[in-house]
Amino acid sequence: MNSLALSKSVPLFLAALSLVGCGGGGSGDSLDSQEPGLSGTITIESGTRVDSDTADDSRLNEAVSNDSSSTAQLIPSTGILGGYLSATSGIYPDPDGFIFEYVIDGQDTFRTDLAAGSTIAVQVFKDAGFAEPTITLSVEQGGVSDSDSGAGDTPLMVSAPAEGPAEISVRTAGGGPFRYVLSVSTIGVTSFENAQYSQPEFVPDEAIVLMSPEEQGRFSSQGLAGALSASSAKSLGRGAWLIRRDPAGVVASQSSSTPGGLRDQTLRWIADLKTQPGVEVAEPNYIYRAQADRDLSSLQWNLPLISLPLAWQAAPDLGNDVGVAVMDTGLFTSTPQTYGEWHLDLDANVIVFNSGRPLLDYVSPSIDIDPQFNDPLGYDNNPADPGDGKPQSSNFHGTHVAGIVAALANGEGVDGVAPNVTLWPVRVLGRDGAGTLDDLVAAMNWAATNPDIDVINLSLGGVGPSTVLEAAINRADSNGKLVVAAAGNQGTDELTYPAAFERVIGVGAVDAGKVRASYSNFGGSVDLVAPGGDATRDANLDGNADLVISTWGVDDGGEFIRSYAGLQGTSMAAPHVAGIYALMKAANSETVSPSNFRAWLAAGLLTESVGSSVEYGAGLMNALKSVDAALEGSVSTIVLPSPSALEFDIARFSRDLDFSVYPDGESVLVNGVSFNSDLISLEPALSAGSPLPGSVAVTVVEGNVIDGQTYATTIEIDYSAGGDSGTVEIPVSIDLRALADERDAGRHYVLLVSPDESRETIEQRVVTARDGSYSFSFDDIEPGEYFLVAGTDTDNNGFICESGEACAEYPVNGLPEKIVIGEGRVSGVSLSTSFRRPTIASMGLPRIGFEGYRLKNHGNASAEPMRNLETNR
């Protein structure tokens, strides 16, 4: 993605780290042979704060009210805060009979100084069994305000209307207790949540493996299965394989709510596969789903919203001779057993069948509902959508997407964005609109080398960052095929793949008023936005919900009848972009390419500005501007920095500044560079006439700055590439007012947990922040193996490290390892705590089923949990 974007158990643990008789993870380690024990320090992420009146604080009568303007809690201008709210009070249900109370706290209010356009976001987490809370997030500056409301776990987001002092409030008016994470970031920052572990769906007992280049032609299917001790291996092309250790399960049953045992075992097996000779990549067989929702409308408001009628006049070829592959659920036909008889709005544009037609149905038998299983893989050359006989089926999703791109402009039915394209329907999603990574990789590897395909639409997504899929997508891009994908419908900035891959154009959704749809993801998965609809709004006041109408099918009675339907989703937004690219390609096939498309997008030539880049990426796709850019044909070299602004504080004095160049591969020379060299330095140094590097390290000159002060400068880089020239400006701020001892992630419970499946808490300490960190010590510990963890219990439910709470695990959050305590003392152990969670990419594999660690109790079912404060720490 371009920057432009005690069933509660721990499922995955790595090999034990032996710390017998030596320090573990910090400097100044020492050994006291007289007693076994463990001590160390927990550092706190910069900019971290905690709500001053959590349920845990109330339990100790230490809560400091922050429920009004007069009692507002001071927080940094950027950072992250963990909090607690509840509209009711009561006792948590506990199967073991322990008493954990929650208290009423209806509002938290905070004050800070904000830059104009700063983004404030809230992510909510509640325990199962409680009513969905209703939440309102608001920001006010000098009588000007912005607010957002929702229910359940829907993230909320507002923007600072101006610059200066601001009041932020989070309120609840109904529902039970919940934890929340409040993030405040400056304009241009596209990822600020990550407050929970991603829970991607994948198929148990299956893995996608990429063999190293020297091993790719060495094995047959049977030979590779034997070498990896698997039951079968299926080639996906280009050295990629689907490996099974048991017969395939049913995808529909393998959601993230599936009991963790089999899924955990699969992850352990994949971790082992990674260590096998010749295996370059091993990852889960992720499940991808269609990104659409809801039904029925009759007005195509979406076409004039992006200036399509004018674009058709400027580009009258309407996509002629351009091939568009729609990888989805297949295509509606009245005769699904045979190729042809497609929906009348699409039939004339679908690729004509002949005896040499390649495979177009890549759905495996385990998730297929197509009766044509002509080979053991379930693949065939008929991409017909077989339907499922259910009312309001999701299976005609691909027909809806195809209609947005390619419906004929014949005065009947609906009009597509590019009504003269050649449509390649490729079936990769089966039952319930779900598909698996292996099928998608196989289809993408085929499409990447098909010279007749110019653009590939992927109105599907998941959260699994597959290396093998990205390689296939990059191959397609290198071969001149633009890949467009839906950014996802979760309403968060959690990265959604494939949209978040660097060489994919990720598309978010807007309604008829050009406002981000409530469900549409934002942040790093969104390069731009397009009409996706929103059933909750009628922004153009036409009396109809803002749904996108397109081609559909009905098979409720076993008879296949063509139809139309209105849907909402980023699935609907993505094909608008794919279709506009087809118009551009037909208008100027020599110049229009994926690389040039990205260059025009970076230069602002394809979109109109409709709001913050966090929500809208480069803006709303405009068909007329896009066709004009293609017809003009000139491509100026653009350099974009990432991040777009640099912020330093007392805990961070150095950051990498990356540069992306569009079009890809252009050589850029530095003509000049200016900044305040008394405040910052660049490494490598930039000088006139030198090539612009891909990245520089920007470091604060510590000897020239003083604690408690703020500083600002701007890095200006003048550059040239061929006949083009330009300037990159990166604002730099240094804020040393937030001293280290102000950082506070809340009262932390430090646990030594048993390494067996029970994850029983053996020892426990309670510590509070001092000088920006926590110190802990365990004395007279029974020698053995433990996991060392720490975290908050802001909602007072007896568990730490749940989503929405601060958490630290040794040595790295998300990748805990065993500590072995012997007869001596281990000291100098270092951990880091945060309300954020690491991504799958940083952990290597997803973390499934993790719900926190239980606090230690006295053993009396009616007693409070053991949480005595260590006042001397």
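Mentor: A residue counts as buried when its relative accessible area is under 20%, and that cut-off will serve us throughout this predicted model.

Trainee: Is C807 buried or exposed?

Mentor: The relative accessible area of C807 is 0%. Since burial requires a value under 20%, the residue falls within that class, and C807 is therefore buried.

Trainee: Which residue does a disulfide join to C807, and is that partner buried or exposed?

Mentor: The structure holds one disulfide, and its two sulfur atoms lie 2.1 Å apart, which satisfies the limit of 2.5 Å for such a pair. The partner has a relative accessibility of 1% and so counts as buried. The residue joined to C807 is C801.

Trainee: What is the handedness of the link of C801 and C807?

Mentor: The angle to consider is the one about the S-S bond, which comes to 90 degrees for C801 and C807. With that angle, the link is right-handed.

Trainee: Where does N588 lie, and is N588 buried or exposed?

Mentor: Helix α9 covers 570-587 and helix α10 covers 594-602, and N588 lies in the loop between them. Its relative accessibility is 14%, a value under the 20% cut-off. Although N588 sits in a loop, N588 therefore counts as buried.

Trainee: Which backbone oxygen does the side chain of N588 reach?

Mentor: Leaving aside residues up to four places away in sequence, N588 touches A630, L631 and G633. To one of these residues the side chain of N588 comes at 2.8 Å, inside the 3.5 Å limit for a polar contact. The atom reached is the backbone oxygen of A630.

Trainee: Which strands are the edge strands of the open sheet with the order β32-β38-β37-β34?

Mentor: Four strands form this open sheet, and their pairing is mixed. An edge strand here pairs on one side only, which holds for the strand at 646-649 and for the strand at 669-674. From one strand to the next the twist averages 20 degrees, and the edge strands are β32 and β34.

Trainee: In β38, which residue is the bridge partner of D649?

Mentor: Strand β32 and strand β38, the latter made of residues 724-735, run parallel and are joined by four bridges. In β38, the bridge partner of D649 is D735.

Trainee: What percentage of the 873 residues in the protein chain is buried?

Mentor: The secondary structure of the chain comes to 13 helices and 49 strands. The chain exposes about 31,000 Å², of which carbon and sulfur atoms supply 48%. Among the 873 residues, the buried portion is 57%.

Methods:
Residues numbered from 1 in each chain as written. Predicted model: local features only at pLDDT ≥ 70, side-chain atom pairs only at ≥ 80, totals over all residues. Heavy atoms only, no water. Helix = DSSP H or I, 4+ residues; strand = E, 2+ residues; numbered from the N terminus. Buried < 20%, exposed > 50% of the residue type's maximum accessible area, 1.4 Å probe, protein only. Polar contact = N/O pair within 3.5 Å; in protein donor to acceptor, adjacent residues only side chain to side chain. Contact = heavy atoms within 4.5 Å. Pairing = 2+ DSSP bridges. Axes fitted to C-alpha atoms, helices over the stretch in contact; angles between N-to-C directions. Areas by Shrake-Rupley, 256 points an atom, 1.4 Å probe, with all protein chains shown as cover.
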